[in-house]
Each structure stands twice: as C-alpha cells, then as structure tokens.
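Trainee: Could we go through this one together? I'd like to see how the labels get decided.

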Amino acid sequence: GIGGSYARDYDGDSRTLKYSGSAYFDSLDVIRFNGDEEGGDNRTALNLAANWYQVMTPRMHGEFGANVTLQSGFLETPYNAVVVEDGSFTPEQYLANFTAQPSIDATAFEELPSSRARLTLHGRVRRMFGESTALEMGGRLYGDDWGVTSVTLEPAVFFWLVEGSVRTRLGYRFYTQTAADDFQERYMGASTAALPQFRTQDADLGDFSSHTFGVRFDWFASTTSRWDVTFDITSRSDGLDYLFGSVGWTSSF
C-alpha cells in the first residue's frame, strides 16, 4: 500500500482543508468453503478523500468530508456459499439432507462483480455545554454501484467522570441500508444450474437496519499515557446481534 495527504490551515488555524489518497494492491489465495483451491488472484483499491475542519464558535467545531473508493479484482468472499432450496425443505432442513445426500447439487460459490465504486459523505459537529460536557452529532451517507445505499446517525455525549482524569463517552448509532442488486435471501430451484451469474446471500449485503448503544472510558494516566475501554451492543433487524469490546493504550513520545 501507499498513501499521502496534504493539509493547509486558513483563518488563523480555525479552518483546515485536507486532501488524501491511498492505493492498496493485494494478492490472495482463493480457497472456497468446500476446500477447493482456485489459485491466486488480485485486488486493488484506490481512495481519494477531502476533509474540511472548521471552528465555528469558541465552543463549537465541526468536520465534513467526502471519500471516493474504486475497487477491482477479486471482491467476493471465497468462503461464502449460496444455497439452493427445492421448496420442500426449509434452509436448515435442506442443509441437513444435503449432508446425507451429497449427489444433490445444492450449494454454489458466491459470485460478485469484479469492480465496485463507492461514495461516502460524512459530517460531525461537537459543542461544549458548561465546562465538562460536550454533545456531538455525526452522520454519513453512502452509496455504491452494487446497489447498496445507507444512512448513519451517531449522537453522543462526552463528560468528565473524574475531572481531568477519566472521560466518558455515551453513544448511540442508527444504521440502515438497502440490499445489493445481486443479493437474495433465498434461492429456489432444483439445482445450482439456474443460478444468476452474480449472487450472494451475505447478510452484510442485504437489507437491514441496526441500533448500537455504547460506552467508552478514557483514563489519562499521565501527560503521555492514556488507556481506553470500549463496550458496544448492537441489535440488527435481521437477527445478527453482537457485542463488541476493546481495550487500548496510547503513549506519546
């Protein structure tokens, strides 16, 4: 990978414009869900971004930007499968029967286009209230030529749990997206022969919305050392709920 950026300050450092770009060139071995090895393939990603930071008032500042990403090469997930149902079984029952009847042509590889163009617009504004509390509102709009569009809203509140030592962030994230053009939740038929050229059952390319509630604690142990602990819980409309936790340490020198 290679990348770079250029930033310039204006109006007495109250406004900053930043431009950045990056390129990643990946090589990979394609190993399918059933163990089939298809040899090597490549994937390339190019990203261009512009970002504007603005001090609006002595107690409020904001950041806005746009990203364009172009991807090409092997973009599917090799271990994802597409399951064909003949109508007489539910998906779980059909897979159980498939184990007992390996001659049935019931599973196929995920296949997706070899190029993808993505556009993201994002923004975030934070304002101080009092001497120890700040409110923030963030948002993002996303779209790509695979048919996925999404909207994200992220309000959050920051406050000092222990003044000058322990800072807390309470946040909420709402996310909703449309399904990719080549996504289907179920494929019906007698075999994989009639499957479309491009197909996926990847839930992350499907139509869903989610709600995330999270808390983060930052402990400023010294002027050069900081610890952070994060815990999030996410509920998705498709039932793929999850918990996320992390611990981090930052040192300045």
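**Strands, charges and cut-offs**

Mentor: Sure, start with strand E5 (residues 81-85) and E11, which run parallel and are joined by two bridges. Keep in mind that the model is predicted, with local features needing pLDDT of at least 70, side-chain atom pairs counting only at pLDDT 80 or more, and totals for chains, interfaces and linings using all residues. Residues are numbered from 1 along each chain as its sequence is written, and side-chain values use heavy atoms, leaving out hydrogens and water.

Trainee: What makes E5 and E11 a pair?

Mentor: Pairing takes at least two bridges found by DSSP between two strands, and E5 and E11 have two bridges, so they pair. Strands themselves are DSSP runs of E, at least two residues, numbered from the N terminus. Within this pair, Val84 stands opposite Tyr187 in E11.

Trainee: Why is strand E11 (187-188) called an edge strand?

Mentor: The open sheet has three strands in the order E6-E5-E11, with mixed pairing. Both E6 and E11 are edge strands, as each pairs on one side only.

Trainee: How do you know which residues of the Arg15 and Asp11 salt bridge are exposed or partly exposed?

Mentor: Buried means under 20% relative accessible area, exposed over 50%, and partly exposed in between (1.4 Å probe, protein chains only). Arg15 has 24%, so it counts as partly exposed. Asp11 has 53%, so it is exposed.

Trainee: And what makes the contact between Arg15 and Asp11 a salt bridge?

Mentor: A salt bridge needs a side-chain nitrogen of Lys or Arg within 4 Å of a carboxyl oxygen of Asp or Glu. For Arg15 and Asp11 the N to O distance is 3.3 Å, so the pair qualifies. Asp228 and Arg226 make one too, with their closest N and O atoms 3.8 Å apart.

Trainee: Why does Glu110 have no salt bridge?

Mentor: Lys and Arg count as positive, Asp and Glu as negative, while His and the chain ends are not counted. The nearest side chain of opposite charge to the buried Glu110 is Arg32, 6.4 Å away. The cut-off is 4 Å, so that doesn't make a salt bridge.

Trainee: How do you know that Glu110 has a polar contact with Thr200?

Mentor: A polar contact is a pair of N or O atoms within 3.5 Å; within protein, one must be able to donate a hydrogen and the other to accept it, and residues adjacent in sequence count only if both atoms are side-chain atoms. The side chains of Glu110 and Thr200 are joined at 2.6 Å, and those of Glu110 and Asn80 at 3.1 Å.

Note on methods: Helices (H or I, at least four residues) and strands (E, at least two) are DSSP runs, numbered from the N terminus.
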